[in-house]
Amino acid sequence: MNLAAVPLAASHPGFLSPSGVEVAFLLVGLVTLGAAAVSVTTRQLVHAALWLVVALGGLAVEYLLLTAEFIAWVQVLIYVGSVVVLLLFGLMLTKAPIGRSPDADSGNRPVALAVALAAAAALVWVVVDAFRKTWIELDGPAQGSTEVSGEILFRHWVLPFEALSVLLLAALVGAIVLSRKNAKEARD
């Protein structure tokens, strides 16, 4: 038995002795997964939007635990602050049903579940296949830092980012126009 290897092995925690950050990451991940599942399975649209806030907030906490503070605050400001508010405004302006809606349940749950599982399996397969031989470079700035995130965002993702913002603006303007037409028709 090599006694020189024992202190080295004891000094590095392994799979069976996780750190506090790893335990917190797992617990927040389970809460986020649960909130996402409730968000897509509830039949009340407003409750789905509020559970979406919990799921997106959980993702922001996960980013903080991964020391990607910039991405975490972008998650909070853009997704939790803007997208969910836009979704709730859209629900209010289009006079969508607030409570349970029979229109929201088409009876195709088994087919939808099969399609969702197939899509998830395909996504996992593509990601695993794409990154099977990829190594993460540890030299240079941290991957979640503002410098690296900004460089990637403004070099590769400017066009999709701006297209998404125009799409969200068009959805908000469309909801306002639809609600105004209904208000005019009700007055006439």
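**Figure 1. Glu 62 in helix 3 of the predicted model.** Glu 62 is found in helix 3, which covers residues 45-65. Its relative accessible area is 8%, so Glu 62 is classed as buried, a class that requires a value under 20%. The side chain of Glu 62 reaches the backbone nitrogen of Gly 29 at 3.0 Å. When residues up to four places away in sequence are not counted, Glu 62 touches Phe 25, Val 28 and Gly 29. A further spatial relation links Glu 62 with Ala 24: the two residues are 38 residues apart along the chain, and their C-alpha atoms are separated by 8.8 Å.

**Figure 2. Gly 58, a buried glycine of helix 3.** Gly 58 has its place in helix 3. With a relative accessible area of 9%, Gly 58 falls under the 20% limit and therefore counts as buried. Leaving aside its neighbours within four places in sequence, Gly 58 is in contact with Val 28 and Thr 32. The C-alpha atoms of Gly 58 and Gln 75 lie 9.9 Å apart in space, while the two residues are 17 residues apart in sequence.

**Figure 3. Helix 3 and what covers its buried residues.** Helix 3 has 21 residues, and at 1.5 Å a residue these should span 30 Å. The C-alpha atoms at its ends are 30 Å apart, which agrees with that expectation. Which residues of helix 3 are buried? They are Ala 48, Ala 49, Ala 55, Leu 56, Gly 58, Ala 60 and Glu 62. The cover over these buried residues includes helix 2 and helix 4.

**Figure 4. Thr 67 in the loop after helix 3.** Thr 67 lies in the loop between helix 3 and helix 4, the latter formed by residues 69-93. What is the sign of the phi of Thr 67, positive or negative? The phi of Thr 67 is positive, at about 60°, although this residue is not a glycine. Most residues other than glycine have a negative phi. Thr 67 has a relative accessibility of 53%; this value is over 50%, so the residue counts as exposed.

**Figure 5. A nonpolar surface patch that includes Leu 27.** Val 23, Leu 26, Leu 27 and Leu 30 make a nonpolar patch on the surface. The area of this patch is about 370 Å². Leu 27 lies in helix 2, which comprises residues 20-41.

**Figure 6. The salt bridge between Glu 151 and Arg 155.** How many salt bridges does a search of the whole structure find? The search finds one salt bridge. Glu 151 forms a salt bridge with Arg 155, and the closest N and O atoms are 3.2 Å apart. Glu 151 and Arg 155 are separated by about one helical turn because they are four residues apart in helix 6. Glu 151 has a relative accessible area of 40% and is partly exposed. Arg 155 has a relative accessibility of 57%, which is over 50%, and therefore counts as exposed.

**Figure 7. The buried residues of helix 6.** Helix 6 is made of residues 146-156. Its buried residues are Val 148, Ser 149 and Gly 150. Against which helix do the buried residues of helix 6 pack? They pack against helix 4.

**Figure 8. The protein as the setting of the close-up views.** The protein has seven helices and zero strands. From the N terminus on, its elements run α-α-α-α-α-α-α. There are 188 residues in the protein, and buried residues make up 13% of them. Among the contacts with a separation of 6 or more, 65% are accounted for by residues 24 or more positions apart. The protein exposes about 14,400 Å², and carbon and sulfur atoms supply 73% of this area.

Definitions and conventions. Residues are numbered from 1 along each chain as its sequence is written. This is a predicted model: local features need pLDDT of at least 70, side-chain atom pairs count only at pLDDT 80 or more; totals for chains, interfaces and linings use all residues. Side-chain values use heavy atoms; hydrogens and water are left out. Helices (H or I, at least four residues) and strands (E, at least two) are DSSP runs, numbered from the N terminus. Buried means under 20% relative accessible area, exposed over 50%, partly exposed in between (1.4 Å probe, protein chains only). A polar contact is a pair of N or O atoms within 3.5 Å; within protein, one must be able to donate a hydrogen and the other to accept it, and residues adjacent in sequence count only if both atoms are side-chain atoms. Contact means heavy atoms within 4.5 Å. Patches are made of residues with over 30% relative accessible area and no salt bridge: like charges are joined within 9 Å, nonpolar side chains (Val, Leu, Ile, Met, Phe, Trp, Tyr) within 5 Å. Accessible areas come from the Shrake-Rupley method with a 1.4 Å probe; for residues, only the protein chains shown count as cover. A salt bridge is a side-chain nitrogen of Lys or Arg within 4 Å of a carboxyl oxygen of Asp or Glu. The expected span of a helix is 1.5 Å times one less than its number of residues.
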